[in-house]
Amino acid sequence: MNVTININGKEYSDDVEPRLLLVHFIRENANLTGTHVGCDTTSCGACTVLVDGVPMKSCTMFAVQANGKSITTVEGLAQNGKLAPIQEGFHEKHGLQCGFCTPGMMLTSVAFLKKNPHPSEEEIRWAISGNLCRCTGYVNIVEAVQYAAEKMAEAQNG
Amino acid sequence: MIPAQFQYAAPASIPDAIALLKSNPDAKILSGGQSLIPLMKFRLAQPAMIVDLNNIGGLDYIREQGGWLKIGALARESELEDSALVREKYPLLYDTTLSVADPIVRNRATLAGNLAHADPANDHPATMLAYRAQVVATGTSGNRTIAIDDFFQGLFATALASDEILSEVQIPAPVARSGGAYFKMERKVGDFATAGVAVQLNLDASGKIEQIGIGLTNVGLQALRAKRSEDALRGEMPDAKWIERAAMFAQEDCEPNADLRGGVEYKRNLVRVLTMRAIEKAVARARGNG
């Protein structure tokens, strides 16, 4: 089947089997390998991308289902060479150790902060509860999200 | 993991979807896909055809009408979670939704799919038993309504015919002095319940329990109605003696299997404790202080 998927503002068209998972389209057809396959069983959230702005586990969706939709992956976060606030937060607060869960963590957080720009620590922990960090670095991940929230608030007020 | 090959169709209307189901009896319906796609990856499910409902417009509603809360087949769990109507008026449904899988899965998963999949470990079936809900099945000859007690027919089995779609879930709007609660023991976010208990009740003017529904999650081949517990409490004041007695009945009547989440005796005891807590919380909410 022919599909056209907009990823980070660029259209990718290909003839794919219906059983091709969205995450494999992103990694192998579009060659954007920042989106990771972790558990492959809908548990870990490493493959999280935004589909029309909503976080989805791209290992649990077929590429044909994303036909005509807009996807944001980690490669689409930085704008004009400048890190997004969430990326800056993970950098400043050492929000990653091995880095495997980081793209999913960041995309979940971006959508969450749009919905809830001033979250409590508990709300952040709840929001990222579908993303697992096997390094267990959650304290710094939460701080990274808090950093991003503050940065975004400053930018808005500033 | 790569699923087996299948034909894919994404019809734009319910009649088109039903026509596809009718001519392909082995087809499976895809809504949120958060249970079906993992099963296909493990090749526990190998449908010849997938009929994807996601291109059908107008199925994502959550609205009250004629004494029912009506939820369309494509309303996502996250939409229930964000609905002020659900949060304020249907606390049992709200509790249950929040305990399903994790926030990202809930962005895609649907209530209707959770019921149609009929996994005894799913959370909504017990809640629908407690609410005495009903579902609308849409097929070639139109709509029929199925009471929830007739809907579940064993492990992954429902009353839906192969050419029918679960198009709507209907929950009775709560009467005065109603309350409900869902208690789930899970090892971690995203896990299935070790056990779960759903309670919906209402009190009469004197404070006695007038009607009560109790559903049990993952302690049998399908979601179970704790009938003896309901009968024990109906018409009684919700005091500790009666609540303990009802919880003891639920402990005796559930049918758990031993697995990695615990042994049979542990799960039975868990059902007893969760039943007490869920009744107490439902009563508190019915009194307006939950």
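Trainee: Just after helix 5 of chain B, which residue takes a positive phi, and of about what value?
Mentor: This is a predicted model, with residues numbered from 1 along each chain as written, and chains lettered from A and ligands numbered from 1 in the order written. Local features need pLDDT of at least 70, side-chain atom pairs count only at 80 or more, totals for chains, interfaces and linings use all residues, and side-chain values use heavy atoms, without hydrogens or water. Helices are DSSP H or I runs of at least four residues, strands E runs of at least two, numbered from the N terminus. The residue is Ala101(B), with a phi of about 45°.

Trainee: How many residues of helix 5 of chain B are buried?
Mentor: Helix 5 of chain B spans residues 91-99 and is mostly covered. Pro91(B), Leu92(B) and Leu93(B) are among its buried residues (under 20% relative accessible area, 1.4 Å probe, protein chains only). So are Asp95(B), Thr96(B), Thr97(B) and Ser99(B). Of nine residues, the buried number seven.

Trainee: Is Leu44(B) buried or exposed?
Mentor: Leu44(B) sits in the loop between helix 2 (36-41) and strand 3 (49-52) of chain B. Exposed means over 50%, with partly exposed in between. Because its relative accessibility is 67%, Leu44(B) counts as exposed.

Trainee: By class, how many residues in the lining of the largest cavity are charged?
Mentor: His94(A), Cys98(A), Cys133(A) and Ile141(A) are among the residues that line the largest cavity (1 Å grid points where a 1.4 Å probe fits but cannot get out; lining atoms within 4 Å of a point). The lining has six nonpolar and six polar residues. Charged means Asp, Glu, Lys and Arg; Cys and Ile count as nonpolar, and His and Gly as polar. The lining's charged residues: none.

Conventions
On a 1 Å grid over the protein atoms alone, a cavity is a set of points where a 1.4 Å probe fits but cannot get out, and a pocket is an open set with protein on both sides within 12 Å along at least five of seven lines; lining residues have an atom within 4 Å of a point.
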